[in-house]
Amino acid sequence: MWWTEHEHISCHQSSSDFKIQMADVRIFTFLSLVFGFQASFFILPVRSELSCRIFADQRTANCQGLRLQRVPVEQLPSSLEVVDLSYNIIQVIRNMDFVGLPLLRVLLLQFNNISLIEDKAFQENLLLEDVNIFNNSLTVIPSKALAPLSRLKNLEMSNNLYSEATLDDAFLNFRKLKVLSMGGPVVGILKRGDLDVLQNVSLEKFAIKTGSSLDVYEPGYLKNIHTNNMWLDMAIDNRTYVLPMILKDLANKTFVVLRFRNLFEFKYYTDKEDIFYGLKYINSQQLIFHRGKFNEELLRMALINLQKSPIKFLGLLFIDFARSQIFVNSQQASSVTNLVLEMLYLSDISNPDILRFDWRFTWLNKIRHLRIHNVNFNTVPCDAWEEMRGVEILDISKNQLKDSYLFNQQCNYRETMPSLHTFNLSNNQLTSFSSFAALAGEFKHLQTIDISYNKIGSEGNNICSWKQNITTVIADHNTLVIDSFKCLPTTVLYLDLSYCNLDQLDMDYFRKAIGLKEVYLSGNKIKFIPSGWRSPNLKSLALDGNSFGLISMSSFKGMPNLARLKAGNNPYHCTCDLHTFIQETTVKGKVQITDWPENYKCYYPADLLNTMVSQYFPGHVACDIRLVIVISVVTTAAVVLAIMLLCYVFSIPWYAKATYQIIRAKYRAHKEGAGLSMDYTFHAFISYSHSDADWVRDKLLPCLENSRPPYRICIHERDFMPGKWIIDNIIENIENSQKVIFVLSRHFVNSEWCNYELYFAQQRAIGKTLRDVILVVKEPIDPKSLPSKYCKLKKMLNTKTYLEWPEQPKQQAFFWAQLRSVLGKPNLIKEHSVTEHRRASRLSRISVIELPVENQGSLDVQPNIDPDLGAEVNPQTIGETGNLPENKDLKIPLEQMA
């Protein structure tokens, strides 16, 4: 354990000051013996109102820091295996405290005020493996209480008030013991044979504490200890001869770590005797000096002996370093020139002069891994870079370095640091990437740089030149801008730009850095994933904690080898693209999302705010574009077919075409100046089917036109004007007639032209009544059997009185009287229409000529209708007489109309 407290005592301390301090120590020791070691003893005990926290599995109880005065037996279930009673004010451990915990394996009692552990306190806890009674007020080692614990592996009992550190035969039972710490600030004697009971035990760690009160150390005290880690907390300020005896006891032993803490606690060593002489015989992988005072001369003694030892790791931690008052810089070569270490670790040194303790840096030239933390040097001399020629890993993080401290334009960095491949400058005050590149760019074998936790990016981001193949760049927690990419090496394989306040990326850099395999961009402000990102070799990408809300597989189409993605904690828009992306990655496994699903929540739309993306299911139809297209096409086709069916059922096309013809005819009439007067030319217009033409000519016309005075009747065969559109003729003659007579029969219903005439008559009646429409039913018609387009005719047959043609001759006279009554008296038509009527009559004589007798079989020949000539009627057959034949073919189909 490396302590982190920082102690600083003046390096020029007088002898009188030291005596005063030693007196203070003795007074403190005396008060500790009288009043107890713990400061908490002086605080009046307060009864705890809190209860221990029992974990759900009933195997662990946390009673830490509850100010308990005793063990809360009533709160502890018998199933407990771990009990933490540390940081309380317990003074006595009684025999019955743990009787009910037969399964107990770990018992933590450190930082209490325990002065007594009764002899049978652990008699029922035979499974105990870990007991911690560190930092209490025990005056004797509780051997009897510990004796039954044959399974004991870890026993921490240092920092108590023992005056001796002798282990009795009870420790012979601890065959499995691995960690043992003992002693305290009042241990004054370490006698040979005190630890003999451990001679057959192989420990992982042994720690002994004596503090500054050590008076006697008998050679051989540590002779029989076998451990991998030897921690000695002994102050030898006034007993400097003890150190050579300790090193002699440890000679020819093998350790992983040998650690001295507070070797000189209150004063610097000023004697000439080499007290580190025995280091050359110590076989340890690591040697650590933790705390204490070192001057130049003492450090030189240690380093000179280290040159001859197999030790390859040296740590100087929290050392109070001072230059020697008697050392004079003679400008001669350094006495430390052959110090070969795998690692030199300097941390929290009070004086940065330790780096050149003999005014030179030669002791650093054969260090492979140099780590310097919190030494706070403010300059690096030019010769320092030259001397560190053997350094492969240089870690100078946590030193508050600025650009000017590190890079000196007066220095020549060429051919310096020829072995360096890893350079760590994290947790400093660097601001300029280009200044760092000007220095590191000269280190030709450099591969890894760590400049995280600086202020890089705020100034001086010019284009940089890197002469070597940098493969790893760690630059997280800086203030980069997009121009900072210009200074990044393009040969990198690993790039970490997390938490750098980036809001956009330079795609030009990523196109050049084609070897990238891992990129970390977490915790930035990136608003979107650029579509042009091309990193063909990228395997791992972190984009979590940014500001983009849209993501899809297309965002990574330029990364064919992407295998791992971290993209949580972004304000996601829960859309089909996101759902598809999650399905493609989590279900099909194309890309492994390492932080799925706990870090993925919806931000938009508002109704899904904070919904887990894993619970967002938009539906297969909504997100399958192919299915949407198919459904849209099918739905559209169905709607079109339904409209077509409705149009067919309700004859909507027919009505549309008819309305179009009316509008067209009225437009032509308006354009030609037709309809100058609203006076009527005819008393009636007769609409009939060509199949009913004989009845009209032989029956209806004679009856009406031969009356006195006669009715002027309009029929299409005689009165339609040749050369004019048929529709125009129909509309004009209906409008120029007072009445419209419809001769209804089954043939009428089936006639397209009759339907037109009925429709136009209805249109004429818009805004008026239907009294001018006369229905003559020539033969019975069932209104229900009429097509839907005759809805008005159905209504009139059901609501309007109509005339029905009787087959019996006796009833026909009454029919004619009714008809003439409905028509009204045939008053004379105004004279202004006579001329037009005569012209129409003249033209009517040549409109249709009766066929010869031998051609009666050709009565069904249809006249030619030329749509381009306005549907002019051209007679095709000419008879020898002027009688009107039946013109069946004037009622032409609608599709032949122009």
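## Terms and basis

A residue is called buried when its relative accessible area is under 20%, exposed when it is over 50%, and partly exposed in between, using a 1.4 Å probe and protein chains only. By that cut-off D544, at 9% relative accessibility, counts as buried.

The structure is a predicted model, in which local features need pLDDT of at least 70 and side-chain atom pairs count only at pLDDT 80 or more, while totals for chains, interfaces and linings use all residues. Residues are numbered from 1 along each chain as its sequence is written, and side-chain values use heavy atoms, with hydrogens and water left out.

## The chain as a whole

The chain has 898 residues, of which 49% count as buried. Its secondary structure comes to 20 helices and 38 strands; helices (H or I, at least four residues) and strands (E, at least two) are DSSP runs, numbered from the N terminus.

About 43,600 Å² of the chain is exposed, and carbon and sulfur atoms supply 53% of that area. Accessible areas come from the Shrake-Rupley method with a 1.4 Å probe, and for residues only the protein chains shown count as cover. A contact means heavy atoms within 4.5 Å. Among contacts between residues at least 6 apart in sequence, 68% join residues at least 24 apart.

## Salt bridges

Side chains of opposite charge can pair when their charged atoms come close. A salt bridge is a side-chain nitrogen of Lys or Arg within 4 Å of a carboxyl oxygen of Asp or Glu. The structure holds 25 of them. One is formed by the side chains of D395 and R371, with an N to O distance of 3.7 Å. D395 lies in strand β21 (residues 393-395) and R371 in strand β20 (residues 367-373), so this pair ties together parts that are 24 residues apart in sequence. D395 is buried, at 8% relative accessible area, whereas R371 is partly exposed, at 23%.

K566 forms a salt bridge with D544, and the closest N and O atoms are 3.9 Å apart. This pair also links distant parts of the chain: K566 is in strand β28 (residues 564-566) and D544 is in the loop between β27 (540-542) and β28, 22 residues apart. K566 counts as partly exposed at 33% relative accessibility, while D544 is the buried partner at 9%.

A salt bridge within a single helix joins K512 and D508, at 3.3 Å from N to O. Both residues lie in helix α8 (residues 507-512), four residues apart, which is about one turn of the helix. K512 is exposed, with a relative accessible area of 52%, and D508 is partly exposed, with 35%. Elsewhere, R59, E81 and R105 are linked in a network of salt bridges.

## A positive surface patch

R151, K153, K176 and K178 form a positive surface patch. Patches are made of residues with over 30% relative accessible area and no salt bridge; like charges are joined within 9 Å, and nonpolar side chains (Val, Leu, Ile, Met, Phe, Trp, Tyr) within 5 Å. Lys and Arg count as positive and Asp and Glu as negative, with His and the chain ends not counted. The place of a charge is taken as NZ of Lys, CZ of Arg, CG of Asp or CD of Glu.

One member of the patch, K176, is found in the loop between β8 (154-156) and β9 (179-183). K176 is partly exposed, with a relative accessible area of 45%.

## Backbone features in loops

N159 is in the loop between β8 and β9. N159 has a positive phi of about 60° although it is not a glycine, and it is buried, with a relative accessible area of 11%. N376 also has a positive phi, near 60°, in a residue other than glycine. N376 sits in the loop between β20 and α5 (382-387) and is partly exposed, at 40% relative accessible area.

Two cis peptide bonds can be located as well. The bond from W596 to P597 is cis, with omega near 5°; P597 is in the loop between β30 (592-593) and β31 (602-604). The bond from R708 to P709 is cis, with omega near -10°, and P709 is found in the loop between α13 (693-705) and β33 (713-714).

## Q583 and S614

Q583 is found in helix α9 (residues 576-587) and counts as partly exposed at 31% relative accessibility. The C-alpha atoms of Q583 and S614 are separated by 10.0 Å, and the two residues are 31 apart along the chain.
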